[in-house]
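User: I would like to go through a protein model with you. Could we take it topic by topic?

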Amino acid sequence: MPLPGQLNPSPRLLLGPGPSDAHPRVLTAMATPLLGHLDPQFLEIMTETQEMLRQVFQTKNALTIPMSATGMAGMETCFVNLVEPGDKVVLCAAGYFGTRMVDVAGRCGAALTVMNGPWGEPFEMDAIRDTLKKVRPKVLGIVHAETSTGCLQSVAELGKLCHEFDTLLITDTVTSLGCVPVKLDEWQIDAAFSCSQKGLSCPPGLSPVSVSERGQAALKARKGKVQSWYLDLTSIQSYWGGERAYHHTAPITMIYAIREGLRLVLEEGLEARFARHVRNHLAIKAGLTALGLKYIAKEGHQLPQLNAVKIPDGVDDAAGRKRLLTEFGIEIGGGLGDFKGKAWRIGLMGHNSRPNCVFQVLAALEQVLRGSGVKVDPGSGIAAAEKVYAG
């Protein structure tokens, strides 16, 4: 086999469900020379990263750390630490990642009660209350931002509800952190997990996790060991806590990356960042609607950062996305599960929530739709987005 050439991939604009483009400052931070994972300078960087992560999660939870793995490891971390065999667990599944939660919790030996809902619609509080009252579970798991449908689930009152039934609340914030409000303390969320490659504008590789005092008490009260050695928070918190005891070799460069990503979030300000995502969402929504595309998620529950739309009749999913990629250098996502082959998912997350990204993808989509025989007024998507920005 001949020696491969130096890496030189074609430029891409990553407007799918993740990863998004990393911010240039994050990429620069990743070029910083390595330190040892127990070097006093790196330990200080860890402390700084934890504190900024608490601010972005809007929590004071001591156990707030970026797990050394991608977002799915965050989901597994929360469940393997808080669920033991036989524990009653209620899970809300109205999308691909809610369904995946069912699989993960099932592997922990949980006694599952699954609330299945229509994909693209949120769960109603009364229905959740009735299920909690009936089951009295140890854990309720729910997705805050369902990446497969673009649906935003309100969780602001769920923590309070869970307290009524002595239930722990685990929340998937993979697609929400850094894009829309996530208020762990105010919402009384007991465990949350996210990722580095979406709203935080970093490469994939870390999964921020935060556990409340109630969650930590449940962890300490376990009857047996956590089934995963690598994801066992009782051990990992010794490395990220005051002891700084060796657990594993941390991904130094990724910690540099998320530290800079968090700095960017806090420099901009949480409220300003959330407003930016909403503004660009409204612009692309106007443009997509002008092109004849309809959203999957119910009105009033559409994610600003992930626009999931139905593919028009007669348009081939894979062919359309391939043309976007090869001719325009733009990546968007296809549908998952119930929407496989039926939906496109367009992400405007973190660094990629910008007007130039909105205009680029709308102009390219117009060409793809027209090339597939869809009647589209020339420039209608761009004009509709411009009107939003002007207003």
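Analyst: The conversation below goes through strands, loops and charged side chains in turn. Please keep in mind that this is a predicted model.

User: Let's start with strand 10. How many of its residues are buried?

Analyst: Strand 10 spans residues 207-211, and 5 of its 5 residues are buried. The strand is therefore described as mostly covered, where buried means under 20% relative accessible area.

User: And which way do its residues point?

Analyst: Ser207, Val209 and Val211 point one way from strand 10, while Pro208 and Ser210 point the other way. In a regular strand, side chains alternate between the two faces of the sheet. Residues on either side of strand 10 are buried.

User: Which strands are joined to strand 10, and how do they run?

Analyst: Strand 2 is joined to strand 10 by 5 bridges, and the two run antiparallel. Within this pairing, Pro66 stands opposite Pro208. Strand 9, residues 191-193, is joined to strand 10 by 3 bridges and also runs antiparallel to it. There, Ala191 has Val211 as its bridge partner.

User: What about the open sheet of 3 strands: what is its order?

Analyst: The order is 11-14-13, and the pairing is antiparallel. Strand 11 (306-310) and strand 13 (333-334) are the edge strands, since each pairs on one side only. Strand 13 is joined to strand 14, residues 343-347, by 2 bridges. In that pairing, Gly334 stands opposite Trp344 of strand 14.

User: Switching to loops. Where is the peptide bond that is cis?

Analyst: The bond from Gly18 to Pro19 is cis, with omega near 5°. Pro19 belongs to the loop between strand 1 (13-14) and helix 1 (24-29).

User: Which residue in the loop between helix 2 and strand 2 should I look at?

Analyst: Gln58 lies in that loop, which connects helix 2 (40-57) and strand 2 (63-67). Gln58 has a positive phi of about 55° although it is not a glycine. Its relative accessible area is 26%, so Gln58 is partly exposed.

User: What can you tell me about the phi of Arg136?

Analyst: Arg136 has a positive phi of about 55°, and it is not a glycine. This residue is found in the loop between helix 5 and strand 5 (139-143). Arg136 has a relative accessible area of 47% and therefore counts as partly exposed.

User: Now charges. How many salt bridges does the structure hold?

Analyst: The structure holds 17 salt bridges. As background, side chains of opposite charge can pair when their charged atoms come close. One of the bridges is between the side chains of Arg259 and Glu48, at 2.8 Å from N to O. Arg259 lies in helix 9 (residues 252-268) and Glu48 in helix 2, so this pair ties together parts that are 211 residues apart in sequence.

User: Are those two buried or exposed?

Analyst: They fall in between. Arg259 is partly exposed at 25% relative accessible area, and Glu48 is partly exposed at 28%.

User: What about Arg129 and Glu164: how do their side chains meet?

Analyst: They meet in a salt bridge, at 2.9 Å from N to O. Because Arg129 is in helix 5 and Glu164 is in helix 6 (residues 158-164), the pair ties together parts that are 35 residues apart in sequence. Arg129 is partly exposed, with a relative accessible area of 32%, and Glu164 is partly exposed at 46%.

User: Which residue does Glu268 meet in a salt bridge?

Analyst: The side chain of Glu268 meets that of Arg276, at 2.7 Å from N to O. Glu268 counts as partly exposed at 28% relative accessibility, and Arg276 counts as partly exposed at 22%. In addition, Arg25, Glu260, Arg263 and Glu267 are joined into one network by salt bridges that share partners.

User: Last topic: which residues gather in the patch of negative charge?

Analyst: Glu121, Glu124, Asp126 and Asp130 form that patch on the surface. Asp130 lies in helix 5, residues 125-135. With a relative accessible area of 52%, Asp130 is exposed, because exposed means over 50%.

Conventions: Residues numbered from 1 in each chain as written. Predicted model: local features only at pLDDT ≥ 70, side-chain atom pairs only at ≥ 80, totals over all residues. Heavy atoms only, no water. Patch = residues over 30% accessible without salt bridge, like charges linked within 9 Å, V, L, I, M, F, W, Y side chains within 5 Å. Areas by Shrake-Rupley, 256 points an atom, 1.4 Å probe, with all protein chains shown as cover. Salt bridge = Lys/Arg side-chain N within 4 Å of Asp/Glu carboxyl O. Lys, Arg positive; Asp, Glu negative; His and termini not counted. Charge placed at Lys NZ, Arg CZ, Asp CG, Glu CD. Helix = DSSP H or I, 4+ residues; strand = E, 2+ residues; numbered from the N terminus. Buried < 20%, exposed > 50% of the residue type's maximum accessible area, 1.4 Å probe, protein only. Pairing = 2+ DSSP bridges.
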